[in-house]
Amino acid sequence: MTIVFEGRLTLDAMATHQPHSFMVPAGVRTLKARFTHEPKHPGVGDIPHQLSISVYGPNGARGTRHNNADQSPIISQDWASPGYLPGPIEAGDWTVEIDVHRVLAPGSVAYRIDVEWSDEAPCSEAEPAIAAVKGNRRRGPGWYQGDLHGHTLHSDGGLSVADYLELALERGHDFVALTDHNTVSGLAELAARAGERITILGGEELTTFHGHALVLGTREWSEWRVKDGSTMSGLADKITADEKLFVIAHPKAEGHPFCTGCRWAYADVFPGPVRHVEIWNGPWHTNDLRNELAVRLFYRWLNAGYRMRATTGTDTHRRRPATDRLAVLMVRAQDNTEAEILQAIRSGHCYVTSGPRMEVSAVSESGETCSMGDLMAAGAATLACSVSRVTNGGGAFRLRLIHNALEVESWPVAGSAKVEVAFTTKDGDWFVFELRDAAGELHALTNPVFIGTEPQTWR
């Protein structure tokens, strides 16, 4: 059986979802959708239109393959195209939806969707059994490094799941998340390949028309569409209530048309109920201010009274040049498991670094001791920071103490250093330590020590 849908998308369709629904009878084993559109480009410039196909069955989402040339999925009981989930082809209402991420002037886009189903299994070669990599990960209380943001060919990445895992191990990670765009289809393979060698964090990148966000700790698809009266803050509340982590991704990335939807633009989540923001995405480049602006936004939210936590992610799509300076997230956790890593990140017991190592402690006049991410009572306090593994590379580094977004003191660092400073604090204060080079570029940033008396829910 084949059903054909045809239509045309104009500029008015930008940032909308175009559903095409149909009924599937009982006994179907394979569903195919072939999507084509013309023209691919608006006729001027080198930026194409960007359209993705999402599939929904009677029991929920079956996946998408965001920003990939292949938008013609095949779904069956035991196999599905990358980006989509295998499983029974249930009888009932199905929808093939065009996610209109970018339609560019001039002109419009004509499209066609051919939906076909049959009672035959798909013609695909049998895949070999997955063998887990050998070895056991470190366990117990301690510091662990990892990456919270990356993609494979299940969305718009150039790496297979096996290649993605190999790269994480090459980078020396103790944990890694897979956050393909609007799909969780690669997670089962990644977990199977990882075995006990590295901790896998389930994840998905909610890739909306007005901002991207990471959902960490999930192996189930999360709703990403803000429509029909829903709000981003409502989606975020639902995700965090389910003990998952919600992270605003690259909030100051370049937006439309170069990276449609990449810049965060949700007024109700600025930051609203969200407490984690990615302040270092991909490589840190001198002529690219998006990460520096993200740090400033982080400080702005802290000054507004929100107890935010900073994270980082390589946003890996393919192998990068060795000259790219990427960051990792260093996490102090009770164990190297998904639950404990996420709990440590949730608590802010982590820092962002491209190599140097940092430790922070704060001691109040009553003898209370805390560290980054913790809350300490106001009054006299001593803050200490130790830093190591600092390689000069021809330039001088400075360790900077930031108090309420202002630098109050700094120290030169060559190799390693330990500093202490006494303060009198008041409710609402916060402190972080930055490590920057002679050009002012960031190399490491701790999460804040907060000053106050009561844990805050919204602020």
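The following exercises, each with a worked solution, concern a predicted model.

**Exercise 1. Strand pairing**

Find which strands pair with β3, and in which sense they run.

Solution. Begin with strand β3, which covers residues 30-38, and look across to strand β6, residues 74-76, where three bridges join the two strands in the antiparallel sense. Within this pairing, Leu31 of the chain stands opposite Ile75 in β6. Next, turn to strand β8, residues 109-118, which also runs antiparallel to β3 and is joined to it by nine bridges. Here Glu38 has Ala110 in β8 as its bridge partner.

**Exercise 2. Aromatic pairs**

Classify the ring pair of Phe5 and Phe22 and the ring pair of Phe209 and Trp224 by the angle between their planes.

Solution. The model has a count of twelve aromatic pairs. For Phe5 and Phe22, the centres are 6.3 Å apart and the planes meet at 45°, and this pair is tilted. Phe5 belongs to strand β1 (residues 2-9) and Phe22 to strand β2 (residues 16-24), so the pair ties together parts of the chain that are 17 residues apart in sequence. Both of these residues, Phe5 and Phe22, are buried. For Phe209 and Trp224, the ring centres are 6.2 Å apart and the planes stand at 75°; because planes over 60 degrees apart count as edge-to-face, this pair is edge-to-face. Phe209 sits in the loop between β12 and β13, while Trp224 sits in the loop between β13 and α3, so that the pair links distant parts of the chain, 15 residues apart. Phe209 and Trp224 are both buried. Finally, ring pairs link Phe5 and Phe22 with Trp117 into a cluster.

**Exercise 3. Two polar residues**

Decide whether Ser52 and Glu292 are buried or exposed, and describe the surroundings of each residue.

Solution. Start with Ser52, which lies in strand β4, residues 50-57. Its relative accessible area is 1%, and because buried means under 20%, Ser52 is buried. A polar atom of the Ser52 side chain lies 3.1 Å from the backbone nitrogen of Asn67. When neighbours within four places in sequence are left aside, the contacts of Ser52 include Thr64, His66, Asn67, Glu97 and Asp99.

Now apply the same steps to Glu292, which is found in helix α4, residues 290-303. With a relative accessible area of 14%, Glu292 is buried as well. Not counting residues up to four places away in sequence, Glu292 touches Trp284, Arg436 and Gly440.

Conventions: Residues numbered from 1 in each chain as written. Predicted model: local features only at pLDDT ≥ 70, side-chain atom pairs only at ≥ 80, totals over all residues. Heavy atoms only, no water. Pairing = 2+ DSSP bridges. Helix = DSSP H or I, 4+ residues; strand = E, 2+ residues; numbered from the N terminus. Buried < 20%, exposed > 50% of the residue type's maximum accessible area, 1.4 Å probe, protein only. Contact = heavy atoms within 4.5 Å. Phe/Tyr/Trp six-rings, centres within 6.5 Å; stacked < 30°, edge-to-face > 60°. Polar contact = N/O pair within 3.5 Å; in protein donor to acceptor, adjacent residues only side chain to side chain.
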